[in-house]
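Thank you all for coming. Please have a look at the sequence and the structure on the screen before I go through a few places in it.

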Amino acid sequence: MRIIVGVSGASGSIYGLRLLQKLRIRADVEIHLILTRAAERTAYLETQRTAAEFKALAHHVYPFEDIGSRLASGSFLTDGMVIAPCSIQSMSAIATGISSNLLVRAADVCLKERRKLILLVRETPFHLGHLRTMVALTEMGAIIAPPIPGFYHQPQTILDIVDHSVDRVLDLLNIPAADARRWNGGKEE
């Protein structure tokens, strides 16, 4: 499988990092990474990880400005794209088709080619414009998946909370994590 991972400058870069880490252990997944400049800064502020550390988890890395990249063409076959986290700015640009950078253009390609596009939108609270944009993207075929954790698995760490959302994304990509904690009706495992 070929999966595009986009990391925007929204808070929550740990979601992009964990997604990359979980995808990287899969021998059947080829990771294509787009890391925005704002994401590089936010990731360092939030996780103390450098852009180089994020990039080392991908098989292919593309400059944010390279709108001539193979990811900008529907003829380059991929199995989907996840933007984790997805800023409101990126979400809005995708919804309006303003493809001024590779992150937005690759997402636009996924929509036009009817490939999975999953957006971990990171903002709260949402105003009506945000919600309408999410509806428009859903109508276009995107999956809006804000990282909202469940607590039925009794998380003990921040990583447990993050992994809950990342594991849901992997389910949406049809590549479930072997260690995903799942609801079992409240019964002991």
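Leaving aside its neighbours within four places in sequence, which residues is Thr-42 in contact with? Before I answer, please keep in mind that this is a predicted model. Thr-42 sits in helix 2, and beyond its sequence neighbours it is in contact with Gly-9, Ala-10, Ser-11 and Ser-13. As for its exposure, Thr-42 has a relative accessibility of 15%, and because the cut-off for buried is under 20%, Thr-42 counts as buried.

Let me turn next to Leu-33, which has its place in strand 2. Leu-33 is buried, its relative accessible area being 0%. If we do not count residues up to four places away in sequence, Leu-33 touches Val-5, Val-7, Leu-20, Phe-54, Lys-55, Ala-58, His-60, Val-61 and Tyr-62. For one of these partners, Leu-20, I can also give the separation: Leu-33 and Leu-20 lie 13 residues apart in sequence, and their C-alpha atoms are 8.8 Å apart in space.

That brings me to the nonpolar cores. In soluble globular proteins, nonpolar side chains tend to be buried together. Here the largest nonpolar core has 31 residues, and Val-5, Leu-19, Leu-23 and Val-82 are those with the most contacts inside it. At least two residues of this core come from each of several elements, among them strand 1 (2–7), strand 2 (30–35), helix 2 (37–47), strand 4 (80–86) and helix 7 (158–172). The element that gives the most is helix 1, with five residues. To take one example, Leu-19 touches Val-5, Val-82, Ala-84, Val-166, Val-169 and Leu-170, again not counting residues up to four places away in sequence. There is also a second, separate core, with 28 residues, and it includes Met-91, Ala-106, Cys-110 and Leu-137.

My last topic is a pair of helices. Two packed helices are described by the angle between their axes and the distance between the axes. For helix 4, residues 88–96, and helix 5, residues 102–112, the axes come within 9 Å and cross at roughly 45°, and the two helices are therefore oblique to each other. The crossing in which helix 4 passes helix 5 is right-handed. On the side of helix 4 the contact is made by Ser-90, Ala-93 and Ile-94, and on the side of helix 5 by Leu-103, Val-104, Ala-107 and Leu-111. Sorted by class, this contact of helix 4 with helix 5 has six nonpolar residues, one polar residue and no charged residues.

Definitions and conventions
Residues are numbered from 1 along each chain as its sequence is written. This is a predicted model: local features need pLDDT of at least 70, side-chain atom pairs count only at pLDDT 80 or more; totals for chains, interfaces and linings use all residues. Side-chain values use heavy atoms; hydrogens and water are left out. A nonpolar core is a set of buried Ala, Val, Leu, Ile, Met, Phe, Trp, Tyr and Cys residues joined through side-chain atoms within 4.5 Å. Buried means under 20% relative accessible area, exposed over 50%, partly exposed in between (1.4 Å probe, protein chains only). Helices (H or I, at least four residues) and strands (E, at least two) are DSSP runs, numbered from the N terminus. Contact means heavy atoms within 4.5 Å. Axes are lines fitted to C-alpha atoms, for helices over the stretch in contact, and angles run from 0 to 180 degrees between N-to-C directions. Angles under 35 degrees count as roughly parallel, over 145 as roughly antiparallel, 65 to 115 as roughly perpendicular and the rest as oblique. A crossing is left-handed if the near helix is turned anticlockwise from the far one by less than a right angle, and right-handed if clockwise. Ala, Val, Leu, Ile, Met, Phe, Trp, Tyr, Cys and Pro count as nonpolar, Asp, Glu, Lys and Arg as charged, and the others, Gly among them, as polar.
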